[in-house]
Amino acid sequence: MAAQEELDLRAALATCGLTVPPCDVLVNNEGFTSLASIGVLGGDTDVTEMAKRLASRTVVDGRTILGTVQIKNLQALVFWVKDRQKRGLDLDVNDWTPAEITTIMTTKEVRKEEKDNYSKPSITDLGTFDPQDFEVFE
């Protein structure tokens, strides 16, 4: 069973554009064993930090340079895994396709814009309380 989970992980990473050496580094050095293990990453920042860490290693320790598209695809994979885990859906590698990557990137962008445009109401927005306008119920 564990071997199939690793194969699924490698297939998902291949869909992200990661070839054999980066896959090996993520599996052997970073400790990812399945699609579910990708969910431990917190999001875009964790992926970016991991990419920096991989690039700063020595060649012997598994130095790996990830390209911008690969990083973005990994960020989308993390988002996809976390979203499916939150909703209680299966992590089926067959659902992780290039079309799904595009959809996830669009969804992430929309959510970011919504978050940026959202402003919390302040106390001044509430106005003053007028007991004459308050309806009393028995």
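Is Arg10 buried, partly exposed or exposed? At 21% relative accessibility, Arg10 counts as partly exposed, where buried means under 20% relative accessible area, exposed means over 50%, and partly exposed lies in between (1.4 Å probe, protein chains only). The model described here is predicted, so local features are taken at a pLDDT of at least 70 and side-chain atom pairs at pLDDT 80 or more, while totals for chains, interfaces and linings use all residues. Residues are numbered from 1 along each chain as its sequence is written, and side-chain values use heavy atoms, with hydrogens and water left out.

Arg10 is a convenient place to begin with the charged pairs. The side chain of Arg10 forms a salt bridge with that of Glu6, at 3.1 Å from N to O; a salt bridge is a side-chain nitrogen of Lys or Arg within 4 Å of a carboxyl oxygen of Asp or Glu. Glu6 and Arg10 lie four residues apart in helix α1 (residues 2-15), and are therefore separated by about one helical turn. Helices here are DSSP runs (H or I, at least four residues), numbered from the N terminus. An α-helix has 3.6 residues a turn, so residues three or four places apart point the same way. Glu6 is partly exposed as well, with a relative accessible area of 29%. The pair does not stand alone: Glu6, Arg10 and Asp24 are linked in a network of salt bridges. By this rule the count comes to eight salt bridges.

A second pair of this kind is found in helix α5 (residues 68-87), where Asp83 and Arg87 are four residues apart, about one turn of the helix. Their closest N and O atoms are 3.0 Å apart, in a salt bridge. The two partners differ in their surroundings: Asp83 counts as buried at 16% relative accessibility, whereas Arg87 is exposed, with a relative accessible area of 53%.

Another salt bridge joins the side chains of Arg53 and Glu30, at 2.9 Å from N to O. Arg53 lies in helix α4 (residues 44-56) and Glu30 in the loop between α2 (20-29) and α3 (35-38), so the pair ties together parts that are 23 residues apart in sequence. Arg53 itself is partly exposed, at 41% relative accessibility.

Helix α2 also supplies a set of buried residues, namely Pro22, Cys23, Val25, Leu26 and Val27. For Cys23 the relative accessible area is 4%. Leaving aside neighbours within four places in sequence, Cys23 is in contact (heavy atoms within 4.5 Å) with Arg10, Leu13 and Leu18. Just after α2, Gly31 takes a positive phi of about 85 degrees.

Two loop residues are buried too. Thr64, in the loop between α4 and α5, has a relative accessibility of 6%. Apart from neighbours within four places in sequence, the contacts of Thr64 are Pro22, Val25, Ala51, Leu54 and Ala55. Leu41, in the loop between α3 and α4, counts as buried at 12% relative accessibility. With the same sequence neighbours left out, Leu41 touches Phe32, Asp46, Val47, Val78 and Lys82. Leu41 and Phe79 are 38 residues apart in sequence, yet their C-alpha atoms are 9.2 Å apart in space.

Phe79 brings the account to the largest pocket, whose volume is about 390 Å³. Of its 13 lining residues, the closest to the centre are Gly43, Asp44, Phe79, Lys108 and Arg111. On a 1 Å grid over the protein atoms alone, a pocket is an open set of points where a 1.4 Å probe fits, with protein on both sides within 12 Å along at least five of seven lines, and lining residues have an atom within 4 Å of a point. The volume is the space filled by probe spheres set on the points, which are joined across faces, edges and corners. Helices α5 and α6 (98-117) each supply at least two residues of the lining, and α5 gives the most, with six. By class, the lining has two nonpolar, three polar and eight charged residues; Ala, Val, Leu, Ile, Met, Phe, Trp, Tyr, Cys and Pro count as nonpolar, Asp, Glu, Lys and Arg as charged, and the others, Gly among them, as polar.

Finally, the geometry of α5 can be checked against expectation. At 1.5 Å a residue, the 20 residues of α5 should span 28 Å, and the end C-alpha atoms are 29 Å apart, which agrees; the expected span is 1.5 Å times one less than the number of residues. Helix α5 is followed by Gly88, whose phi is positive, near 75 degrees.
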